[in-house]
Structure formats: C-alpha cells, structure tokens
Amino acid sequence: MERKRTIVRAEDLHYTYEDGTQALKGLDLTVQKGEKVAVMGANGSGKSTFFLHLNGILKPQKGRILIDETPIDYSRKGLLQVRKKVGIVFQNPEDQLFSASVRQEISFGILNLGVSEKEAEEKVDRVIEELGITPFAHKPTHFLSGGEKKRVSIADILVMEPELMILDEPAATLDPKHARMIDGIVDQLSGKGITVLLSTHDAERALIWADRVVLFDDGKVIGQGHPEDIFRSEELLRQTNLEKPAVLRIFDTLCEEGILDHKLRPPRRVEELMGYIREKGIKQL
C-alpha cells in the first residue's frame, strides 16, 4: 500500500494577538494529501487563526508549520511558493474580493504567479465554466449576490490549482439554495484530489462529507477521528457546543431499545439507517 503523503504539519503553534487574546496555545495537527477534513469548534476556538498560519498570512510566535515536510520560508519568494500550494477562501467574500470585475478578480492571483496571459486566460475560462460563473463573469463584483461572491472567491483560489484548499465557513450567511451549491463545489474539489480543510458548524454535513473531524477548543485540538466516532462522544460534543447529528441520535436510540445492534457500523446517511431498519423488518418498529 502506498504511504500517504503529509501535506501539512503544525507543531506546537502559539499565537497571541496584540490585544492579548491567546488564539493558539500549543496546537498540533497533521493533514494527509487528499484528505477531507472538517474543522469544528466554537467561535474563538482558534480555527480561523490556524488557517491564516497555513499560507503564511500569520507567522507563529512559537512552533512551526511544514508544507510537504518543509518549514514555511517567510521571505517573499518563500511565501509565493507556499501560496501556490495552499489557498484560503475567507468566510466573508468582502475580505477577499477587490477587483472591478469578476473576470479581473479571478485573473489577478494567477497572473501574479508568473503564468502567461494566454495560459491564465485558459485557466480562468475553465474555472468560470466549472463553477457556473459564466452568466455574471463580466459584472462588477460589488453587484453580485452573496452566493455569487462566494463562488467567485472560491474561483480566485481554484484557478491557481492549489494542492490544499482551506474554506472558512463557506456556506455561512447563504440561503439554503446557495449553501447546497457551495456544498456541491466543495465535493467537486475533493473529487479532483485536492486536499480540503473546511471549517463548519454543520455536524450533519461534516458527518456525511469528511474523512476526519478535528475539534478545536481554546486554541488546541481536543479531539479528532472518524466523524461517526467523534459525534458519538458526549464529552467532546459538550466541550465544543456541538449537537449529535440526527441520524446518529436515532441510531443510538434504536440500539438502546434493542431494535438495532450496537455492533453495527454507525450510519452517516439516513439511507444507511433505513437499510439497517429494513433488514430487521419494519414491523418490529
């Protein structure tokens, strides 16, 4: 079996803001190439600060970040190399979008990487089509809806073909329709083999999507593992103010009632749970 490659390693990260807020307090985390990782925790637990360290926007005051087992070089040249591999999509698109038009916005980053104008244009066209941006590609960015701005902010990063994409609450403030659209885009990224770190408060989504859930609290990682294991830990859920996904609540209740067996693999989807129930026979319920 091929050994998985470590794309990110964070070792003993500490970071305190100028106002005295200790955002990271000895955080350790490793991410493997191709993983889908849901990063969860209460607001203020250190998630966003950690993300800003991964592409060099912030520099740890103690500890280090390694990308492909190489410590980040904080020189201008070194950071350019990091940002070719690691892209971050901010929670609020207004913090990211600044160009006059959508096409200019998506072109800006890749042209700064030294790509020829012809190659950049081809890649921009491809990303615009992939993310369904064509209908508003020539609009001014400030005229876009929230969902459209979010898609453009993802395109900003995707066009640079990073190996790791970080999405900080990508569906925050969006209506259900646009939230589902962003979920679909995230699935596309994973399907391309891109490593994805996604911050979310949606336990239902994390259970279905993630290979691994990482829980943050008070600037540290307090738990990580398979989603179904993490979301069945009452202690971890209590520490992070998260609720157990409905499908697991129902599964555990049916097991406690003797209708299903605790030895069964916990379901991630309603369809899996219904499969267990059908096997036992609907009449027993």
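The expected span of a helix is 1.5 Å times one less than its number of residues. Keep that handy for the first stop in this predicted model.

**Stop 1: helix α5.** Select residues 146–158. That's α5, with 13 residues, and from first C-alpha to last it reaches 18 Å, close to the 18 Å expected. Buried here means under 20% relative accessible area. By that cut-off 12 of the 13 residues of α5 are buried, so the rest of the structure largely encloses this helix. Colour the buried ones and you'll pick up charged-looking names too: Glu 148, Lys 149, Lys 150, Arg 151 and Asp 156 are among them, along with Val 152, Ile 154, Ile 157 and Leu 158.

What do the buried residues of α5 pack against? Turn on β6 (86–89), α3 (102–112), α4 (117–130), β7 (164–168) and α6 (176–191) to see those partners.

**Stop 2: the open sheet.** Now jump to the 4 strands ordered β2-β1-β4-β5, paired antiparallel. At the edges are β2 (22–32) and β5 (70–71); each has a single partner strand, so one side of each has no neighbour in the sheet. Add helix α1 (residues 47–54), which packs on the sheet and touches β1, β2 and β4 (62–67), its direction at about 60 degrees to that of β2.

**Stop 3: around β1.** Select residues 6–16: 8 bridges tie this strand, β1, to β2, and 5 bridges join β1 to β4. Zoom in on Thr 16, opposite Gln 22 in β2, then on His 14, whose bridge partner in β4 is Lys 62. Finish at the β1–β2 hairpin, with 5 residues between the strands, where Gly 20 takes a positive phi near 95 degrees.

Methods
Residues numbered from 1 in each chain as written. Predicted model: local features only at pLDDT ≥ 70, side-chain atom pairs only at ≥ 80, totals over all residues. Heavy atoms only, no water. Helix = DSSP H or I, 4+ residues; strand = E, 2+ residues; numbered from the N terminus. Buried < 20%, exposed > 50% of the residue type's maximum accessible area, 1.4 Å probe, protein only. Contact = heavy atoms within 4.5 Å. Pairing = 2+ DSSP bridges. Axes fitted to C-alpha atoms, helices over the stretch in contact; angles between N-to-C directions.
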